[in-house]
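Trainee: Could we go through this structure together, one question at a time? I would like to see how each answer is reached.

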Amino acid sequence: MELAKNMLTILLSAILVDNFVLSKFLGICPFLGVSKKLDSALAMSAAVIFVMVMATAATWPIYHYLLLPNYGYMQTVAFILIIAALVQLVEVVMKRFVPALHRALGVYLPLITTNCAVLGVTVLNIDEAYGFGESLVNALGAGLGFMLAMVLFAGVRSRLEAADVPESYQGLPITLTAAAIVSLSFMGFSGIVEGIFK
Amino acid sequence: MAEKKMSNLQVLLNGLIRENPILVLVLGTCPFLATTTTASNAFGMGLSVTAVLLGSNVVISLLKKVIPNTVRIPCYIVIIASFVTVVSFVLEAYQRDIFQSLGIFLPLITVNCIILGRAEMFANKNTVAASACDAIGMGLGFTGALLVMSSIREIIGNGTWMGINLTADLIEPMAILKMAPGGFFVFGLLIAIVNKFSSKKPAKKVGCAGCPMASACGHEGEKKEGECK
């Protein structure tokens, strides 16, 4: 029971309170770049969830059993290489065995290597001293939070298309201002997780 | 780079103003939003990025004949990650406060679009001296943009600048500017101001589409689908 409560707290905090995009500012590039259409936003976030969980499953044991004893300082170099290799591997395997999924997610996979949210979640799991299970849940929550933000924002942006925006505000500025309002609404979630489990 | 033969000084000034990485090219937005809550944080971040950029640009332009073209991106990433490790150890040893407040965004310099972008766009086809000038120009352009943004957010949001009390006693600080929504809002405002006063049309490129790495990181596949315009 205690374990389930702990896991649920981590999951909900990662999705709502510490949303990766809207409160931690990780993964802003895909958030602004791929959120124009709902279906591409969904595909991109599905790929991110997948890679985040896989990357955590790969980096956590490697850090704790290989790097920590002697080579803790290699963390950044090792993690980015693991993520890059993993993304390549996943792409090859997916192309061979699940071509339908590869067609849906394929173009987003290489993009994810340099997505700071993925490296971010693996480094955060180490910094927060999470166990293996907690790390996986945190990665899943971070990915789901990313998806929630992307989907909500895709909706906001489809409304923005029809809006009459002053010339100098067209494009990125109005998108960022809209992101500010979405982020403001997410601040309403602060404290909700503590409240649920009181 | 349209102009092939720019003097080193021009290269330096180019990064500082005309192709400012943040306000014109819109690269490296994550650390830009996250570390501009106070001016001293922003200054630390800007200088760290400049140092990493200088190191990686110089090494990559030295090795441009050695690195095979097909595996250049992994090579660049390893070089960049090594410099990031060096810089974060230096900060940890001598500037612990800044090291702690930058936190996760120090290792994340590795995946900063600006650094990989400059390696791909500039350092692998130019001389060492020109690459160093480009790194300094781009780095200082980034630092300058960080300082402008963080000054706005810290003065209005906290009433201080670099920790010095300015208006905190006179006007009630608007704490929202220090939080996440304020970051997005001030960034949008800054780009709108740049658009207003620059002769060019408003930047149509958003996020990954504006990233010079787009072709290398699989963005070409997206362009075919007509997304991410």
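**Contacts, rings and loops**

Mentor: Gladly! Among contacts in chain A between residues at least 6 apart in sequence, 77% join residues at least 24 apart. Please keep in mind that this is a predicted model.

Trainee: Which share of the contacts in chain B with a separation of 6 or more comes from residues 24 or more positions apart?

Mentor: Here we turn to chain B and look at its contacts with a separation of 6 or more. Residues 24 or more positions apart account for a share of 71%.

Trainee: How many helices does chain A have, and how many strands?

Mentor: Read the pattern of chain A along the sequence: α-α-α-α-α-α-α-α-α-α. Every symbol there is an α, and the count for chain A comes to 10 helices and 0 strands.

Trainee: Why is chain A said to be as compact as a globular protein of that length?

Mentor: Start with the globule rule, which gives 16 Å for 198 residues. The radius of gyration of chain A is close to that value, so the chain is as compact as a globular protein of that length, with a radius of 18 Å.

Trainee: What share of the residues in chain A is buried?

Mentor: A residue counts as buried when its relative accessible area is under 20%. Applied to the 198 residues of chain A, that cut-off gives a buried share of 53%.

Trainee: Where do the strands of chain B come in the order of its elements?

Mentor: Chain B has 9 helices and 2 strands. Follow the elements from the N terminus on, and you meet the two β symbols in this order: α-α-α-α-α-α-α-β-β-α-α.

Trainee: How are the rings of A:Trp60 and A:Phe132 arranged?

Mentor: The search of the whole structure finds 7 aromatic pairs over all chains. In the pair of A:Trp60 and A:Phe132, the ring centres are 5.4 Å apart and the planes stand at 55°. Planes from 30 to 60 degrees apart fall between stacked and edge-to-face, so the name for this pair is tilted.

Trainee: How many residues apart in sequence are the parts that this pair ties together?

Mentor: Look at the helices: A:Trp60 lies in helix H3 (residues 38–70) of chain A, and A:Phe132 lies in helix H8 (residues 132–160) of chain A. The pair therefore ties together parts whose separation in sequence is 72 residues.

Trainee: Is A:Trp60 buried or exposed?

Mentor: The cut-off for buried is under 20% relative accessible area. A:Trp60 has 12%, so this residue is buried.

Trainee: Which residue joins A:Trp60 and A:Phe132 in a cluster?

Mentor: Ring pairs link three residues into this cluster. Besides A:Trp60 and A:Phe132, the cluster holds A:Tyr65.

Trainee: Is A:Phe25 buried or exposed?

Mentor: A:Phe25 is found in the loop between helix H1 (2–17) and helix H2 (28–33) of chain A. This residue has a positive phi of about 60° although it is not a glycine. Its relative accessibility is 5%, so A:Phe25 counts as buried.

Trainee: And A:Ala129, is that residue buried or exposed?

Mentor: A:Ala129 lies in the loop between helix H7 (116–127) and H8 of chain A. Its phi is near 55°, a positive value in a residue other than glycine. With 63% relative accessibility, A:Ala129 counts as exposed.

Trainee: Why are those positive values worth a remark?

Mentor: Most residues other than glycine have a phi of the opposite sign, so the usual value is negative.

Trainee: Which residues does A:Ser45 touch, not counting residues up to four places away in sequence?

Mentor: A:Ser45 lies in helix H3 of chain A. Its relative accessible area is 0%, so A:Ser45 is buried. With residues up to four places away in sequence left out, A:Ser45 touches A:Phe146, A:Met147 and A:Met150.

Trainee: Which residues does A:Leu136 touch, with the same residues left out?

Mentor: A:Leu136 is found in helix H8 of chain A, and this residue is partly exposed, with a relative accessible area of 25%. Not counting residues up to four places away in sequence, A:Leu136 touches A:Val53, A:Thr56 and A:Ala57.

Terms used. Residues are numbered from 1 along each chain as its sequence is written. Chains are lettered from A and ligands numbered from 1 in the order in which they are written. This is a predicted model: local features need pLDDT of at least 70, side-chain atom pairs count only at pLDDT 80 or more; totals for chains, interfaces and linings use all residues. Side-chain values use heavy atoms; hydrogens and water are left out. Helices (H or I, at least four residues) and strands (E, at least two) are DSSP runs, numbered from the N terminus. The radius of gyration is taken over C-alpha atoms; the globule rule is 2.2 Å times the number of residues to the power 0.38. Buried means under 20% relative accessible area, exposed over 50%, partly exposed in between (1.4 Å probe, protein chains only). Contact means heavy atoms within 4.5 Å. Rings of Phe, Tyr and Trp (its six-membered ring) pair if their centres lie within 6.5 Å; planes under 30 degrees apart count as stacked, over 60 as edge-to-face and the rest as tilted.
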